[in-house]
Amino acid sequence: MAWLTILTELIGGLAVLLGAFLPLVSLPMAVLLFAAIFTVHLPYGFSSIKLMSVTAGRAQFGRRL
């Protein structure tokens, strides 16, 4: 899924900059935005996210001082 996310952001961002295919690229980009909000930002905060460690395949986040 990482490569699909990267391609969506790159191609979608370029399309938005060019003003082309906006109806086609806006939905996948919105899905990525909401996935990031609900899986990372709501549980860990919207700012000062710091990766503390990766254990057992999970990322451990903490506060940045």
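Phe34 and Phe38 both belong to helix 2, which covers residues 22-44, and because they are 4 residues apart in that helix, about one helical turn separates them. In this predicted model, the structure holds 1 aromatic pair, and Phe34 and Phe38 form it, with ring centres 6.5 Å apart and an angle of 25° between the planes. A pair of aromatic rings is described by these two kinds of quantity, the distance of the centres and the angle of the planes. Planes under 30 degrees apart count as stacked, and the pair of Phe34 and Phe38 is accordingly classed as stacked. The two partners fall into separate accessibility classes: Phe34, at 47% relative accessibility, counts as partly exposed, whereas Phe38, at 55%, counts as exposed. The threshold that matters here is 50%, since a residue is called exposed over that value.

The wider setting of this pair is a protein with 2 helices and 2 strands. Read from the N terminus, the elements follow the order α-α-β-β. Of the 65 residues in the protein, 8% are buried. The accessible surface amounts to about 5,500 Å², and carbon and sulfur atoms account for 72% of this area. Among contacts between residues at least 6 apart in sequence, 5% connect residues at least 24 apart.

Helix 1 can be examined through its length. Its 17 residues, at 1.5 Å a residue, should span 24 Å, and the end C-alpha atoms are indeed 24 Å apart, so expectation and model agree. The buried residues of this helix are Thr8, Gly12 and Ala15. Seen down the axis of helix 1, these buried residues fall within an arc of 60°, and they therefore line one face of the helix. The face turned away from the buried side carries the exposed residues Ala2, Trp3, Leu10, Leu17 and Leu18.

Thr8 merits closer attention on the buried face. This residue lies in helix 1 and has 19% relative accessibility, so it counts as buried; the cut-off for that class is under 20%. Within the helix, the side chain of Thr8 reaches the backbone oxygen of Leu4 at 2.7 Å. Leaving aside residues up to four places away in sequence, Thr8 touches Gly13, Pro28, Met29 and Leu32. For one of these, Leu32, the separation along the chain is 24 residues, while the C-alpha atoms of Thr8 and Leu32 are 8.5 Å apart.

The backbone after helix 1 completes the account. Just after this helix, Gly19 adopts a positive phi of about 75°. Phe21 lies in the loop between helix 1, residues 2-18, and helix 2. Phi of Phe21 is also positive, near 55°, in a residue other than glycine. Most residues other than glycine have a negative phi. Is Phe21 buried or exposed? At 59% relative accessibility, Phe21 counts as exposed.

Definitions and conventions
Residues numbered from 1 in each chain as written. Predicted model: local features only at pLDDT ≥ 70, side-chain atom pairs only at ≥ 80, totals over all residues. Heavy atoms only, no water. Buried < 20%, exposed > 50% of the residue type's maximum accessible area, 1.4 Å probe, protein only. Contact = heavy atoms within 4.5 Å. Areas by Shrake-Rupley, 256 points an atom, 1.4 Å probe, with all protein chains shown as cover. Phe/Tyr/Trp six-rings, centres within 6.5 Å; stacked < 30°, edge-to-face > 60°. Expected span 1.5 Å × (residues − 1). Arc of directions from axis to C-beta. Polar contact = N/O pair within 3.5 Å; in protein donor to acceptor, adjacent residues only side chain to side chain.
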